Amino acid sequence: MSDWKPGTKNPHGAYRPHEVLDLRYKTGGTPRAEISLVQTREGWRSKRGFSFRTGDWWGSSGPITDHCTPHPTREEAIREQINSLHNDFAKIKDAAQQREAREILAWADSLLPAQKDLFAA
């Protein structure tokens, strides 16, 4: 659909993202992990995707729809997906996939600055 503009929905209810943050394999091709973002009237919506090249080649992705939780800020939408990756990857038992997961999580955690300690002196 050449006229599908960022922030609009296609006939199936999927938003075209305004922005996609991705971690690519060194050899190019499909992303190892990505976080897609769209700003709607209700707030920022996001969706994460990932794929492994080891073990059972587990992966997950999907479109941004109205079922995705709107957040008041872009950062909160990104943080939701980072937390989702941490939750998904906590269940991994395969050592090779654990290594890939650590690399993806290091990338994801680098997307947002560390929270300031409100109680620091």
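In which element of the chain is confidence lowest, and in which is it highest? In this predicted model, confidence (pLDDT, the predictor's confidence in each residue, from 0 to 100) is lowest in strand β4 (residues 59–60), with a mean of 91, and highest in helix α1 (residues 74–89), at 97. The chain has a mean pLDDT of 90, and 92% of its residues reach 70 or more. Helices (H or I, at least four residues) and strands (E, at least two) are DSSP runs numbered from the N terminus. Residues are numbered from 1 along each chain as its sequence is written. Local features need pLDDT of at least 70, side-chain atom pairs count only at pLDDT 80 or more, totals for chains, interfaces and linings use all residues, and side-chain values use heavy atoms, with hydrogens and water left out.

The largest nonpolar core (buried Ala, Val, Leu, Ile, Met, Phe, Trp, Tyr and Cys residues joined through side-chain atoms within 4.5 Å) has 20 residues. Those with the most contacts inside this core are Leu37, Phe52, Ile78, Leu85, Phe89, Ile104 and Trp107. At least two core residues are supplied by each of β1 (19–24), β2 (31–40), β3, α1 and α2 (95–109). Beyond four places in sequence, Leu85 is in contact (heavy atoms within 4.5 Å) with Arg48, Phe50, Ile104, Leu105 and Ala108.

Trp57 is located in the loop between β3 (43–51) and β4. Its phi is near 55°, a positive value in a residue other than glycine. Trp57 is exposed, at 57% relative accessible area, whereas Asn10, in the segment before β1, counts as buried at 16% (buried, under 20%; exposed, over 50%; partly exposed, in between; 1.4 Å probe, protein chains only). A polar atom of the Asn10 side chain lies 2.8 Å from the backbone nitrogen of His12.

Technical notes:
Polar contact = N/O pair within 3.5 Å; in protein donor to acceptor, adjacent residues only side chain to side chain.
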